[in-house]
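Please read the following note alongside the sequence and the coordinates. Its points take up the charged pairs and then the strands.

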Amino acid sequence: MTSESVTLRPIGHVAGGRSEMYEDDWHDVRAVLRLDGQAFTASAVLGLENFSHLEVVFLFDRIDPSTVSGQPRPPRGNPSAAPVGVFAHRGPYRPNRLGVSRCRLLSVDGLDLHVADLDALSGSPILDVKPYLVEFAPRHPVIQPAWASELMSRYY
């Protein structure tokens with residue numbers, strides 16, 4: 001195990017979309033991934049318009065790191081649910097506060113990537129953007145517990 005620190009520099013930020021954190025109903029929420037014009041030129045997104053979906057890595061910057069615990073907890077704080085470990089749910093209270101989202105790419109306008117279905121808040125730092133490729137989808141059936149399907153039934 002390493003005790004090295006890793007320093008990441010945001011490549012941009014989320015503009016628009018939701019500004020308050022609450023679960024569910026992310027379908028068709030529109031936002032812009034505004035990439036840093038000081039660090040990048042339009043050549044950084046050359047060809048991206050040929051893809052329909054993106055994978056976005058962002059920081060849950062509104063989560064106070066002191067509130068993140070490695071202890072099991074019920075998903076979404078639901079007291080009737082059995083506790084699960086931090087790596088068995090997708091909530092924002094994570095050791096490095098990293099979020100990963102797949103969203104629709106609507107258009108590319110210079111360094112502005114117009115998206116829908118992104119579950120990151122306005123102002124969130126973007127750490128990376130990748131085109132989504134079908135070949136990276138799971139090759140075998142996806143298995144998940146019933147509580148996960150129930151929680152996600154209204155997410156998008």
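**Note on salt bridges and strand pairing**

1. Arg102 has a relative accessibility of 49%, and it therefore counts as partly exposed, since a residue must have over 50% to be called exposed. The model under review is a predicted one, and this value, like those below, is computed from it.

2. Arg102 also takes part in a salt bridge. Its partner is Glu55, and the closest N and O atoms of the two are 2.9 Å apart. Because Arg102 belongs to strand S4 (residues 98-109) and Glu55 to strand S3, this pair ties together parts that are 47 residues apart in sequence.

3. Strand S4 holds a further arginine in a salt bridge: Arg104 is joined to Asp117, with 2.8 Å between the closest N and O atoms. This pair links distant parts of the chain, for Arg104 is in strand S4 and Asp117 is in the loop between strand S5 (112-116) and strand S6 (125-131), 13 residues apart.

4. Are the two members of that pair buried or exposed? Arg104 is partly exposed, its relative accessible area being 24%. Asp117 has a relative accessible area of 10% and is therefore buried, since the limit for a buried residue is under 20%.

5. A salt bridge is also formed between Asp36 and Arg9, whose closest N and O atoms lie 3.1 Å apart. Asp36 is found in the loop between strand S2 (30-35) and strand S3 (53-59), whereas Arg9 is in the segment before strand S1 (12-15), so the pair ties together parts that are 27 residues apart in sequence. Asp36 is partly exposed at 23% relative accessibility, while Arg9, with a relative accessible area of 52%, is exposed.

6. How many salt bridges does the model contain? The count comes to five. Among them are the pairs Arg102 with Glu55, Arg104 with Asp117 and Asp36 with Arg9.

7. The strands named above should also be viewed as a set. Six strands close into a barrel, and their order is S1-S2-S5-S4-S3-S6, with antiparallel pairing. From one strand to the next, the twist averages 45°. As general background, the strands of a sheet pair through backbone hydrogen bonds, in either a parallel or an antiparallel manner.

8. One of the pairings may be examined in detail. Strands S3 and S6 pair in the antiparallel sense, and five bridges connect them. For Leu54, the bridge partner in S6 is Pro131.

Technical notes:
Residues numbered from 1 in each chain as written. Predicted model: local features only at pLDDT ≥ 70, side-chain atom pairs only at ≥ 80, totals over all residues. Heavy atoms only, no water. Salt bridge = Lys/Arg side-chain N within 4 Å of Asp/Glu carboxyl O. Helix = DSSP H or I, 4+ residues; strand = E, 2+ residues; numbered from the N terminus. Buried < 20%, exposed > 50% of the residue type's maximum accessible area, 1.4 Å probe, protein only. Pairing = 2+ DSSP bridges. Axes fitted to C-alpha atoms, helices over the stretch in contact; angles between N-to-C directions.
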